[in-house]
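Trainee: I am new to this structure and would like a close look at a single part of it, explained step by step.

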Amino acid sequence: MSALIEDAAADALSRQTLQAVVILAKSPQPGRVKTRLTPVFSPAEAAALAAAAIRDTLDAARATGVRTILCWDGPTPEWLPRDVRLQRQQGDGLAQRLDQAFRDCLPTTGDHPTLLIGMDTPQLDAADLCVDWDGADAVLGLSDDGGYWAIGLRRYQPGLFSGVPMSTDRTGAEQLERLVSQGLSVHLLPTHRDVDEPGDAVVVARAQPHTRFARTFRRIVATPCHPSQLFDAALAGGGIHVEGVDAAFGAPQPLAVEAWLSLSDVDELIVSRCAGPVIDIGCGPGRFVEALAARGLPVLGIDVSGASVVHTRARGASALRRNVFEPVPGEGRWQTLLLADGNIGIGGDPRALLDRCRQLLGPEGCALVEVDADDDVDVRTHVTLTGPLGRRSTPFPWALVGATALVRYAAEAGLLAVEDWRLDGRAFVTLRRAA
């Protein structure tokens, strides 16, 4: 009889219920969290989604009724619950921080089932955390991307994380292998999806529409963003379209990002016509700036898109994040000014833009302007960008200008059209200062 009692007690101990939930998280500061959600979401929007995810995760942990420990990195926001124990993260790299978190929370003897989760699974509820460990020494919850969303231990044991590569598509499998190699029995929890990419956010928000995360997601997506944000998304590979707010612009058109990444034969001809120093207005990802710099010409690209500046600099060329109507280095001394890819439409007022071009050009300089292939086009309108997840930009002014209208606007701005040339369906006008 005593043996039966001892066996029953041992079995009860092996199935002892969860005693603590540890949440590994960092302060939701723009630029420090959820960076893979950008540029579809701005850094501030990504931080707002991170904050909502942390709060949802805290709600789930507190609803278990067991001790909740927040293993925190960064400044402490005011909204953190006072009944949650705050513990600072320690260590270099995720592996060390995981090890230290368990070292601080778990004894080396006894039985204290403790589950550690991150801030990437706001869809969890208390039932997902209070699971039967089935008598195992450890539990591991794998995630769809090859990592893991949860790991639980009964007691601290060194060496469970050191050397396990983090943030790869093999992290979960290698962590499982490490636990087993250290002599631990492992019970696998259901697989869940981490929110890392914009597509993950869509799936998670739809799966649990009443969470803070889902509500924040819907609010952000429904709010128009700055156009440069979706332009940045286009350079990152997102499918972006341009739509007119009225019929003047015509049907929605895809943003032709691929054409801006490498030089065409026509682009090569444009480059050959440039004399330095050159300024490329609306330089995009910098194909002209790179090519001109390779020829040894002094050249600067300017663009309102931060991603464009990053791309251009990555090519080894110079670029500034700057609106052409703001102060620009070298005003009045540029020998060549480029307005390619229809960028004469910037600002929606060709005359004002050409006035600005005249201010930038040196006395003997010229402007190479790409115009609409239809000579008679002269449209001033507002357009929006539309992109992934149904995101829309705020409307911004744009113009479509053919050669006839450009020559007229140039004359009004004190510029003289000296050449009109066409190749492969593209049209250009060369302008110089009038005498």
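Trainee: How do the residues lining the second largest pocket divide into nonpolar, polar and charged?

Mentor: The lining of the second largest pocket holds 14 nonpolar, 10 polar and 11 charged residues, where Ala, Val, Leu, Ile, Met, Phe, Trp, Tyr, Cys and Pro count as nonpolar, Asp, Glu, Lys and Arg as charged, and the others, Gly among them, as polar. Please keep in mind that this is a predicted model, in which local features need pLDDT of at least 70 and side-chain atom pairs count only at pLDDT 80 or more, while totals for chains, interfaces and linings use all residues. Residues are numbered from 1 along each chain as its sequence is written, and side-chain values use heavy atoms, with hydrogens and water left out.

The second largest pocket (an open set of points on a 1 Å grid over the protein atoms alone, where a 1.4 Å probe fits, with protein on both sides within 12 Å along at least five of seven lines; lining residues have an atom within 4 Å of a point) has a volume of about 990 Å³, counted as the space filled by probe spheres set on the points, which are joined across faces, edges and corners. Its lining comprises 35 residues, and Leu94, Asp120, Ser167, Asp194 and Asp196 are the closest to the centre. At least two lining residues come from each of strand 1 (20-26), helix 3 (93-105), strand 4 (114-117) and strand 6 (148-153); helices (H or I, at least four residues) and strands (E, at least two) are DSSP runs, numbered from the N terminus.

For comparison, the largest pocket encloses about 1300 Å³ of space. Among the 49 residues that line the largest pocket, those nearest its centre are Trp260, Asp341, Gly342, Asn343 and Trp398. Two or more of its lining residues are given by each of several elements, including helix 8 (227-235), strand 11 (299-303), strand 14 (361-371) and strand 15 (378-386), and the largest share, 6 residues, belongs to strand 16. By class, 29 residues of the lining of the largest pocket are nonpolar, 12 are polar and 8 are charged.

One of the residues named above, Trp398, is touched by Ile346 (heavy atoms within 4.5 Å), and so are Ile281, Gly282, Val324 and Leu353, not counting residues up to four places away in sequence. Ile346 itself sits in the loop between strand 13 (334-339) and helix 12 (350-360). Although Ile346 and Gly282 are 64 residues apart along the chain, their C-alpha atoms are separated by 8.3 Å.
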